[in-house]
Amino acid sequence: MDAVIPAGGEIDAAYQDAAGSRHRALAPIGRSQTPVMQIVVDALRGSGAVASIIAVGHPDLQSKIQGVDRWIDAAPSGPENILAGLAQAKTPMALVCTSDLPFLQAQSVAAFAERIPADADIALGLVDADEFNRAYHDAPPSTFVTLRGMAPATISGLFATRPKTLIDNSDLLRTAFESRKSQWRSAQLLGPRLTWRFLTRSLALGAVVQRAEAILGCRAAVLEGSAPDLAFDIDAVEDYQYAKTRK
């Protein structure tokens, strides 16, 4: 599969001071001070699941990150960067991976790719909260979603999609992206009936998948039990400060 890395995100002043850059993708990690995006590129490349890497980012990144096959200049919008990268993908299914996963491992990418059903149009990873907290027990607190019949979990920063699936649903992608930080707003995308189930803690994963398939007009898969390193991102400065010394 081709892999798309949307890397257009900039950070606030406190984060810039800690990272020494205005680009989250260039935040140095560990003793080697490796840019977090380089860790992501190396893991994707080492997985054996990736044919070509397409990155969408500022020109400042393009001279500092090695191993990218094609660069595209970033737009101000995250969804536009994802769509621009997917438009250049040549494989029937493509991986999309955030640029800020400091603990990403090649074997986790490979395991995720191997589990994607052949008939899926989009596949998301689901990381169990207990597994995540065991792996990063001393990290800043994270937010997890609880659905009926399953333990709390979070979505991974790596997913797979047929490029046409998201390109054809670009408006929905933009709305989902704007709602991603709020469980309430994300639940509202499912419609009033499922939003009520979410609020009353009676919403099951199967109902979410069925509704997503109906909205997107596609076959969706959720890969439960995905590896914790697929979900630990450095979206906030506190996460970065933890990751830069733990790696």
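Start with the whole chain in view: among contacts between residues at least 6 apart in sequence, 72% join residues at least 24 apart. Keep in mind as you go that this is a predicted model.

**Stop 1: the whole chain**

Colour by secondary structure and you will find twelve helices and nine strands. Switch to a surface next. The chain exposes about 11,600 Å², and carbon and sulfur atoms supply 50% of that area. Of the 247 residues, 49% count as buried.

**Stop 2: a salt bridge across the sequence**

Now select R24 and D235 and show their side chains. The two form a salt bridge, with the closest N and O atoms 3.6 Å apart. Where do R24 and D235 lie in the chain? R24 sits in the loop between α1 (13–19) and β2 (28–29), while D235 belongs to the loop between β9 (220–224) and α12 (237–246), so this pair ties together parts that are 211 residues apart in sequence. Toggle the surface here to compare the partners: R24 counts as buried at 14% relative accessibility, and D235 counts as partly exposed at 31%.

**Stop 3: a network around R219**

Move on to R219 and D119. Their side chains meet in a salt bridge, 3.2 Å from N to O. This pair, too, links distant parts of the chain: R219 is in the loop between α11 (205–216) and β9, D119 is in the loop between α5 (106–114) and β7 (122–128), and 100 residues separate them.

Add E213 to the selection. E213 also forms a salt bridge with R219, and here the closest N and O atoms are 3.8 Å apart. Through these shared partners, D119, E213 and R219 are joined into one network. Are its members buried, partly exposed or exposed? R219 is partly exposed at 32% relative accessibility, D119 is partly exposed at 46%, and E213 is partly exposed at 22%. To see the rest of this kind of contact, look through the whole structure, which holds eight salt bridges.

**Stop 4: along α11**

Select α11 next. This helix has twelve residues and reaches 16 Å from its first C-alpha to its last, close to the 16 Å expected at 1.5 Å a residue. Show its side chains and pick out L205, A207, V209 and L216, which are buried. Then step just past the end of the helix: α11 is followed by G217, whose phi is positive, near 65°.

**Stop 5: α5 and what covers it**

Hop over to α5. Its buried residues are A106, S108, V109, A110, F112 and A113. What covers the buried residues of α5? The cover includes α2 (36–46), β6 (94–97), β7, β8 (153–161) and β9, so try showing those elements in separate colours around the helix.

From S108, look across to A227. The C-alpha atoms of A227 and S108 are separated by 6.0 Å, although the two residues are 119 apart along the chain. A227 is found in the loop between β9 and α12 and counts as partly exposed, with 22% relative accessibility. Leaving aside neighbours within four places in sequence, A227 is in contact with S108 and V127.

**Stop 6: Q38 in α2**

Now zoom in on Q38, which is in helix α2. Q38 counts as buried, at 10% relative accessibility. Which residues does Q38 touch, not counting those up to four places away in sequence? They are K64, I65 and Q66.

**Stop 7: aromatic rings**

Select F103, F132, Y136, F144, F232 and Y242 and show them as sticks. Ring pairs link these residues into a cluster. Across the whole structure, a search finds nine aromatic pairs.

**Stop 8: two cysteines**

Finish with C97 and C218. C97 is buried, with a relative accessible area of 1%, and C218 also counts as buried, at 12%. How many disulfides does the structure hold? The number is zero.

How values were computed
Residues numbered from 1 in each chain as written. Predicted model: local features only at pLDDT ≥ 70, side-chain atom pairs only at ≥ 80, totals over all residues. Heavy atoms only, no water. Disulfide = S-S within 2.5 Å. Buried < 20%, exposed > 50% of the residue type's maximum accessible area, 1.4 Å probe, protein only. Phe/Tyr/Trp six-rings, centres within 6.5 Å; stacked < 30°, edge-to-face > 60°. Salt bridge = Lys/Arg side-chain N within 4 Å of Asp/Glu carboxyl O. Helix = DSSP H or I, 4+ residues; strand = E, 2+ residues; numbered from the N terminus. Expected span 1.5 Å × (residues − 1). Contact = heavy atoms within 4.5 Å. Areas by Shrake-Rupley, 256 points an atom, 1.4 Å probe, with all protein chains shown as cover.
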